[in-house]
Amino acid sequence: MRRRHRIDQARYDRLKRMLVDRERDVVVRLRALRRSLPNEWAELRDPEERGSHRCAEEVDFALVEMTSATATRIHEALARLDRGAGGTCVDCGGAIGTRRLRALPFTDCCLACQQRREAPAAGASTAFGRPAPRPARVAREV
Ligand SMILES: [Zn+2]
């Protein structure tokens with residue numbers, strides 16, 4: 001079975017499976033996170049009382065937000081895949097590397113374009129002698 005797509009069927013299947021697996025993970029994680037958020041937090045009206053609860057819950061809320069964002073990206077990636085553009089960089093149109101897709105199946109750009117996106121706009125003048133982007137940045141992006 002061949003499709004008139006930019007990616008072949010094997011790659012499509014593999015990517016689809018990765019995305020569906022990842023989606024399942026994210027849904028489970030979101031459900032668990034939402035359950036772990038204390039209901040009383042929303043009921044605390046006293047700012048001082050709220051303050052004491054804040055740190056831990058803020059982390060949870062941030063996690064929920066990040067996980068929701070990941071879910072959205074997975075849905076977008078699945079939509080792109082069904083349009084025949086899965087695993088293709090939206091910036092340069094090139095194929096996204098298999099290793100990158102395995103780590104980030106929902107990514108919409110190749111490594112080179114990702115680095116370009118993360119580089120400051122004035123990157124051209126500061127490109128020399130600058131250290132490579134730190135892994136922490138990439139991790140946050142995930
Ligand atoms: Zn690219």
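**Entry 1. Core**

I looked up the largest nonpolar core first, and it has 13 residues. By nonpolar core I mean a set of buried Ala, Val, Leu, Ile, Met, Phe, Trp, Tyr and Cys residues joined through C-beta atoms within 7 Å. I call a residue buried if 20 or more other C-beta atoms lie within 10 Å of its own, exposed if 12 or fewer, and partly exposed in between, with C-beta atoms placed from the backbone. Leu15, Leu19, Ile74, Ala77, Leu101 and Phe106 have the most contacts inside this core. At least two core residues come from each of helix 1 (9-36) and helix 3 (47-82). Helix 1 gives the most, with four residues.

**Entry 2. Ground rules**

This is a predicted model, in which local features need pLDDT of at least 70 and side-chain atom pairs count only at pLDDT 80 or more, while totals for chains, interfaces and linings use all residues. Residues are numbered from 1 along each chain as its sequence is written.

I noted that pLDDT is the predictor's confidence in each residue, from 0 to 100. The protein chain averages 79, and 66% of the residues score at least 70. Residues 1-5 stay under 50, and the model has six contacts for them beyond four places in sequence. Residues 125-129 are also below 50, and that stretch has one contact in the model beyond near neighbours in sequence. A contact here is a pair of residues whose C-beta atoms, placed from the backbone, lie within 7 Å.

**Entry 3. Whole chain**

I counted helices and strands as DSSP runs (H or I, at least four residues, for helices; E, at least two, for strands), numbered from the N terminus. The protein chain comes to seven helices and zero strands. Its pattern along the sequence reads α-α-α-α-α-α-α. Of its 142 residues, 13% count as buried. Among contacts with a separation of 6 or more, 58% are between residues 24 or more positions apart.

**Entry 4. Helix 1**

I checked the length of helix 1 against the expected span, which is 1.5 Å times one less than the number of residues. Its 28 residues should span 40 Å, and its end C-alpha atoms are 40 Å apart, which agrees. The buried residues of helix 1 are Leu15, Met18, Leu19 and Val26. An α-helix has 3.6 residues a turn, so residues three or four places apart point the same way.

Asp21 is also in helix 1. I asked whether Asp21 is buried or exposed. Asp21 counts as exposed because it has 12 C-beta neighbours inside 10 Å. Asp21 and Pro105 are 84 residues apart in sequence, yet 9.9 Å apart in space, C-alpha to C-alpha.

**Entry 5. Helix 3**

I took Leu81 next, which lies in helix 3. Leu81 counts as buried because it has 22 C-beta neighbours inside 10 Å. Leaving out residues up to four places away in sequence, Leu81 touches Tyr12, Leu15, Lys16, Leu19 and Gly86. The C-alpha atoms of Leu81 and Tyr12 are separated by 7.1 Å, with their positions 69 residues apart along the chain.

What does Ala77 touch, not counting residues up to four places away in sequence? I found Leu19, Gly86, Pro105, Phe106 and Asp108.

Leu63 is in helix 3 too. Leu63 has 15 other C-beta atoms within 10 Å, so I entered it as partly exposed. From Leu63 to Leu30 is 8.7 Å, C-alpha to C-alpha, and 33 residues in sequence.

**Entry 6. Loop after helix 3**

Last, I looked up Ala95, which sits in the loop between helix 3 and helix 4 (98-103). With 14 C-beta neighbours inside 10 Å, Ala95 counts as partly exposed. Ala95 touches Gly87 and Thr88, again not counting residues up to four places away in sequence. Ala95 and Ala85 are 10 residues apart along the chain, and their C-alpha atoms are separated by 9.3 Å.

Conventions
Contact = placed C-beta atoms within 7 Å.
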